[in-house]
Structure formats: structure tokens, C-alpha cells
Amino acid sequence: MNAVPMARLRVVHEGSRVDRAGVEQAATDLLRALGRDPDSPHLQETPRRVAAAYAELLSPRDFDLTTFPNDEGYDQLVLAHSIPVHSLCEHHLLPFHGVAHVAYLPADRILGLSKLARVVELFARDLQVQERLTQQVADWLQLHLEPQGVGVVIEAEHMCMSMRGVRASGAVTLTSALHGLLREDPRSRQEFFDLARSSR
Ligand code: ZN
């Protein structure tokens, strides 16, 4: 058993790569290309707002990953359900949003519960596809927490599917990623999916 009573790992995002002035100029050009007048009173402030919005949407907040020794030897699933997910699809730069259900089967250490939501945000605030986002959350937890298993399910609606293309409004895309016992042991896997489903 690990003797460290409480451990903190500072998770610092590599820093925003967003060039705000560049985005403002691009938004001005985009408005013009869309046949609008960027100098009209209604649109004057739009490029600045667009740049601020993208900077925020693509910058996860730093956080401390706090872990504690699993002194009680808790060996059942810990599941945080319906964690809000907001992300941007890298194919259309349109939002997709929904919920994540994130679970782990503890080994030596357990995690401050709110941190599961921060891990989701860490990867959601990026240009993404849902499959990669799901896998990144699972991989990160497996690497940093070293639990016996990890399970992640994300259910999301993609605006690029709802508002355009097939216009399948309300359609929900489901993805999952599993590690360790949740991947290898059929009973653990079933328990995880049952819990994730019951939270809907
Ligand atoms: Zn898309």
C-alpha cells in the first residue's frame, strides 16, 4: 500500500495556442465571405466576441489531481455519472454536447470525485471527435491513477448532425472506452454499463 497520505499532481494545460488577433481577423474575413458587412453596427463587435469565445472553448482550466490512499481497501466501482461535456467537432467547428459517465475500480489510490469532471474538461476543451475524447479520458485516468480498471461512456448530440446534413435533431451518439478489469472481466464490464445506463 502506498504510504503517501495525500498526493497532488498539478495539471497545467500547455497554454492556449489561440492567436486572438488572428481569430478576429479571420472572423472579419469570414463575415465578409459570408456576404455580410463586418462594419455594420450589429456586427462590429462580433469578431472580438468570436475570438474570446474560441479562446475560452479551447482552453481547459488548470487543476490539482488530488489522490488519497485507499485505506479502506474499497474495491468496488466508483462512478461519476452525467458529467456535462461541451466540445467542438474538428470537422465543422460546431459544438457537440452531452454527458459523460466515468468510472474506475480503485487499486492503491482513490481520487477526489470532482476531479473526474476536470479530466473530462481537460480533453473536451479542444477540437475533437467524440471517439478520441472518450479514449483520451480513459487513457489519462489509467496512466495517472493506475486503478484496476477504467470505464468511460460519452453520450452527445452533435450540432453538425442536428442542424445540417442529415438534420437528425436529438440523435445521440454513444462512445465507450475501457481499460483493465472493466475491459477484461465480463462481470465488471456489465456492472459498469448497467450503472452508466441507470443514470440516464
Ligand atoms: Zn462535425
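Good morning. By a donor I shall mean a nitrogen, oxygen or sulfur atom within 2.8 Å of the metal, and because water is not among the atoms, a site may look incomplete. The structure under discussion is a predicted model, and I begin with its metal site.

The zinc ion has as its protein donors SG of Cys 89, ND1 of His 92 and SG of Cys 160, which lie 2.2 Å from it. Written as a sequence pattern, the spacing of these donor residues is C-x2-H-x67-C. Distant parts of the chain are thereby linked: His 92 belongs to the loop between β3 and β4, whereas Cys 160 sits in helix α5, residues 159-162, and the two are 68 residues apart. Are these two residues buried or exposed? Cys 160 has a relative accessible area of 10%, so it counts as buried. His 92, at 34% relative accessibility, is classed as partly exposed.

Let me place the site within the overall fold. The protein chain contains 7 helices and 8 strands. Its C-alpha trace spans about 65 × 40 × 20 Å along the principal axes. There are 200 residues in the protein chain, and 39% of them are buried. The exposed surface comes to about 11,200 Å², of which carbon and sulfur atoms supply 53%. Regarding contacts in the chain with a separation of 6 or more, 71% are between residues 24 or more positions apart.

I turn now to the sheet that involves β3 and β4. Which strands form it, and in what order? It is an open sheet of 5 strands, arranged β6-β3-β4-β7-β8, with mixed pairing. At its edges stand β6, residues 127-128, and β8, residues 173-180, each of which pairs on one side only. Strands β3 and β6 run parallel and are joined by 2 bridges. Here the zinc donor residue Cys 89 stands opposite Gln 128 in β6. Helix α3 packs on this sheet, where it touches β3, β4 and β6, and its direction makes about 20° with that of β3.

Further into the sheet, β3 and β4 pair in the antiparallel sense over 9 bridges. These two strands form a hairpin with 5 residues between them, and in the turn Leu 93 adopts a positive phi of about 55°. Strand β4 also pairs with β7, again in the antiparallel sense, over 10 bridges. Phe 96 illustrates both pairings: Ser 87 stands opposite this residue of β4, and so does His 158 of β7.

The other sheet to describe is an open one of 3 strands, in the order β1-β2-β5, with antiparallel pairing. Strands β1 (7-11) and β5 (109-111) are at the edges with a single partner strand each, so one side of each lacks a neighbour in the sheet. From one strand to the next, the twist averages 30°. Between β1 and β2, the latter covering residues 63-69, there are 5 bridges in the antiparallel sense. One of the bridge partners is Thr 66 in β2, which pairs with Arg 8. Helix α3, residues 115-124, lies across β1, β2 and β5 and runs at about 140° to β2.

Next, the interior. The largest nonpolar core has 31 residues, and the members that touch the most others are Val 102, Leu 133, Val 137, Trp 140 and Leu 141. At least two residues of this core come from each of β2, β3 (78-89), β4 (95-105), α3, α4 (130-145) and β7 (149-158). What does Trp 140 contact, leaving aside its neighbours within four places in sequence? Its partners are Val 11, Phe 63, Leu 65, Val 119, Leu 122 and Phe 123.

Apart from the largest core lies another, of 7 residues, including Ala 103, Val 153, Leu 178 and Phe 192. Ala 103 is found in strand β4, and its relative accessible area is 0%, so this residue is buried. Beyond its neighbours within four places in sequence, Ala 103 is in contact with Leu 77, Val 78, Leu 79, Gly 149, Val 150, Gly 151 and Phe 192. With Ala 52, by contrast, the C-alpha to C-alpha distance is 33 Å, at a sequence separation of 51 residues from Ala 103.

To close, I return to the metal site: in this predicted model, Cys 89, His 92 and Cys 160 supply the protein donors of the zinc ion. Thank you.

Technical notes: Residues are numbered from 1 along each chain as its sequence is written. This is a predicted model: local features need pLDDT of at least 70, side-chain atom pairs count only at pLDDT 80 or more; totals for chains, interfaces and linings use all residues. Side-chain values use heavy atoms; hydrogens and water are left out. Two strands pair if DSSP finds at least two bridges between them. Helices (H or I, at least four residues) and strands (E, at least two) are DSSP runs, numbered from the N terminus. Axes are lines fitted to C-alpha atoms, for helices over the stretch in contact, and angles run from 0 to 180 degrees between N-to-C directions. Contact means heavy atoms within 4.5 Å. A nonpolar core is a set of buried Ala, Val, Leu, Ile, Met, Phe, Trp, Tyr and Cys residues joined through side-chain atoms within 4.5 Å. Buried means under 20% relative accessible area, exposed over 50%, partly exposed in between (1.4 Å probe, protein chains only). Donors are N, O and S atoms within 2.8 Å of the metal (3.2 Å for Na, K and Ca); water is not among the atoms, so sites may look incomplete. Accessible areas come from the Shrake-Rupley method with a 1.4 Å probe; for residues, only the protein chains shown count as cover.
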